Amino acid sequence: SFQILECLVIWLAAAFVLLGTNEYYPGDTADSRLATVYSLVKDGAWYLDRPLEGPPNPFEQRTIDKVVLDGHILSSKPPMLSLLMTAEYLALNKTLGWDFEDEEGENIEDINKIVRVMSMTLIGLAFVAALVFFRKTLHLFVRDPLVRLLLLFSFAFCTQLWGFSTGITNHVPAAAMIVIAVYYALGLGSGKLEPRAWRF
């Protein structure tokens with residue numbers, strides 16, 4: 001049936017995320033966010049420049065996504081994803097012992113694992129959530145199952161979300177939040193969803 005095919009599209013997208021998630025490489029777009037995570041964890045500050053007595057922030061030195069404000073360096077990226085990454089880093093560090101640094105400086109093996117897990121959980125899951133809620137929206141308004149399937153396939157594999165879903169980026173979580181909000185806004189506004197407090 002078409003519902004099985006719709007689920008297959010979502011499963012294929014999830015498999016792509018699991019198999020295609022990038023490892024970290026110096027100069028990656030993740031550097032700006034990782035620089036903020038490093039500063040929040042090591043210094044408890046949003047500033048990327050470290051106190052003079054400490055070693056420099058290794059991720060800050062490799063990123064161009066930064067600005068100077070009041071004599072301090074800050075990431076030019078929106079802070080919400082970096083904050084979520086910090087929480088996830090602290091959990092990974094506490095449970096699995098993964099750390100940005102080892103005795104010789106940078107711990108590239110752990111950094112690779114950290115970035116892969118963050119990409120899959122914060123970006124890949126957001127991509128899958130966007131597909132699930134796009135599918136739910138289609139079921140509210142589109143009767144033809146073939147049209148629904150084609151639209152879902154197009155959303156999954158014919159937009160930039162697909163390419164962005166395997167690395168650290170703000171775009172995919174932001175798009176997922178918009179798709180989820182649109183589902184509830186259109187569903188409630190059209191009367192196709194029952195108004196309940198949690199849906200607002």
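Mentor: Let's begin with vocabulary: helices (H or I, at least four residues) and strands (E, at least two) are DSSP runs, numbered from the N terminus. The model is predicted, so to speak of local features we need pLDDT of at least 70, side-chain atom pairs count only at pLDDT 80 or more, and totals for chains, interfaces and linings use all residues. Residues are numbered from 1 along each chain as its sequence is written, and side-chain values use heavy atoms, with hydrogens and water left out.

Trainee: Thanks! Which helix gives the most to the nonpolar patch?

Mentor: F2, L5, L8, W11, L12, L146 and L150 make a nonpolar surface patch of about 710 Å² (Shrake-Rupley area, 1.4 Å probe, only the protein chains shown counting as cover for residues). Patch residues have over 30% relative accessible area and no salt bridge (Lys or Arg side-chain nitrogen within 4 Å of an Asp or Glu carboxyl oxygen); nonpolar side chains (Val, Leu, Ile, Met, Phe, Trp, Tyr) are joined within 5 Å, like charges within 9 Å. Helix 1 (2-20) and helix 5 (145-157) each supply at least two of the patch residues. With 5 residues, the top contributor is helix 1.

Trainee: Is L8 buried, partly exposed or exposed?

Mentor: L8 has its place in helix 1. Buried means under 20% relative accessible area, exposed over 50%, and partly exposed in between (1.4 Å probe, protein chains only). L8 has 45% relative accessibility, so it counts as partly exposed.

Trainee: On to the rings. What kind of pair do Y38 and F59 form?

Mentor: Rings of Phe, Tyr and Trp (its six-membered ring) pair if their centres lie within 6.5 Å; planes under 30 degrees apart are stacked, over 60 edge-to-face, the rest tilted. The structure holds 13 aromatic pairs. In this one the centres are 6.1 Å apart and the planes at 65 degrees, so Y38 and F59 are edge-to-face.

Trainee: How many residues apart in sequence are the parts tied together by F59 and F100?

Mentor: These two rings are also an edge-to-face pair, because their centres are 5.1 Å apart and their planes at 65 degrees. F59 counts as buried at 1% relative accessibility, and F100 does at 2%. F59 lies in the loop between helix 2 and strand 1, while F100 lies in the loop between helix 3 (79-96) and strand 3 (101-102), so the separation is 41 residues.

Trainee: Why do C7 and C158 make no bond?

Mentor: A disulfide is a pair of cysteine sulfur atoms within 2.5 Å, and the structure holds 0 of them. C7 is partly exposed, with a relative accessible area of 33%, while C158 counts as exposed at 55%. The closest cysteine sulfur to that of C7 is in C158, and it is too far for a bond because the distance is 19 Å.

Trainee: What separates D110 and K113 in helix 4?

Mentor: D110 and K113 form one of the 9 salt bridges in the structure, with their closest N and O atoms 3.4 Å apart. D110 is buried, with a relative accessible area of 10%, whereas K113 counts as partly exposed at 34%. Because they are 3 residues apart in helix 4 (residues 108-141), their separation is about one helical turn.

Trainee: Last one: which residue meets R50 in a salt bridge?

Mentor: R50 counts as buried at 18% relative accessibility. Its partner counts as partly exposed at 28%. The two side chains meet at 2.8 Å, N to O, and the partner is D43.
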